[in-house]
Amino acid sequence: MPTDKFVLILVIVIAAAGATVWIGTLVAASVEMPLGWFGLVPVALVVAILWRIIAERLGNRDDDNYDRIEK
């Protein structure tokens, strides 16, 4: 596995863990204050955009600069 993909996976896992805790805190706070659900809309948009960027990066063969290096 190339190092850049390993680091990308590691960053995604750490970010997902942090986002899970953060979103869990937002959901718990929104139970106390019903208008807190409006805060989840921007979070969902950011997550969707990041998901598209990562999916495009992993699916694009032209961006794999390290795969063309001969060892």
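**A tour of two helices and a pocket**

The protein exposes about 6200 Å² (Shrake-Rupley method, 1.4 Å probe), and carbon and sulfur atoms supply 72% of that area. This is a predicted model: local features need pLDDT of at least 70, side-chain atom pairs count only at pLDDT 80 or more, and totals for chains, interfaces and linings use all residues. Residues are numbered from 1 along each chain as its sequence is written, and side-chain values use heavy atoms, without hydrogens and water.

Start with a cartoon view. The protein has two helices and zero strands (DSSP runs: H or I of at least four residues, E of at least two). Colour by burial next. Buried residues (under 20% relative accessible area) make up 7% of the 71 residues.

Select Phe6. Phe6 sits in helix H1, residues 3-32. Its relative accessible area is 47%, so it counts as partly exposed (between 20% and 50%).

Now add Met1, Val7, Ile9, Leu10, Val11, Val13 and Ile14. With Phe6 they form a nonpolar surface patch of about 810 Å² accessible area together.

Move to the largest pocket. About 420 Å³ of space lies there. Select Ile12, Ala15, Val47, Leu50 and Ile54: of the 14 lining residues, these lie nearest the pocket centre. H1 and helix H2 (40-59) each supply at least two lining residues. H2 gives the largest share, eight residues.

Finish by colouring the lining by class. It has 14 nonpolar, no polar and no charged residues.

Terms used
Patches are made of residues with over 30% relative accessible area and no salt bridge: like charges are joined within 9 Å, nonpolar side chains (Val, Leu, Ile, Met, Phe, Trp, Tyr) within 5 Å. A salt bridge is a side-chain nitrogen of Lys or Arg within 4 Å of a carboxyl oxygen of Asp or Glu. Buried means under 20% relative accessible area, exposed over 50%, partly exposed in between (1.4 Å probe, protein chains only). On a 1 Å grid over the protein atoms alone, a cavity is a set of points where a 1.4 Å probe fits but cannot get out, and a pocket is an open set with protein on both sides within 12 Å along at least five of seven lines; lining residues have an atom within 4 Å of a point. Grid points are joined across faces, edges and corners, and a volume is the space filled by probe spheres set on the points. Ala, Val, Leu, Ile, Met, Phe, Trp, Tyr, Cys and Pro count as nonpolar, Asp, Glu, Lys and Arg as charged, and the others, Gly among them, as polar.
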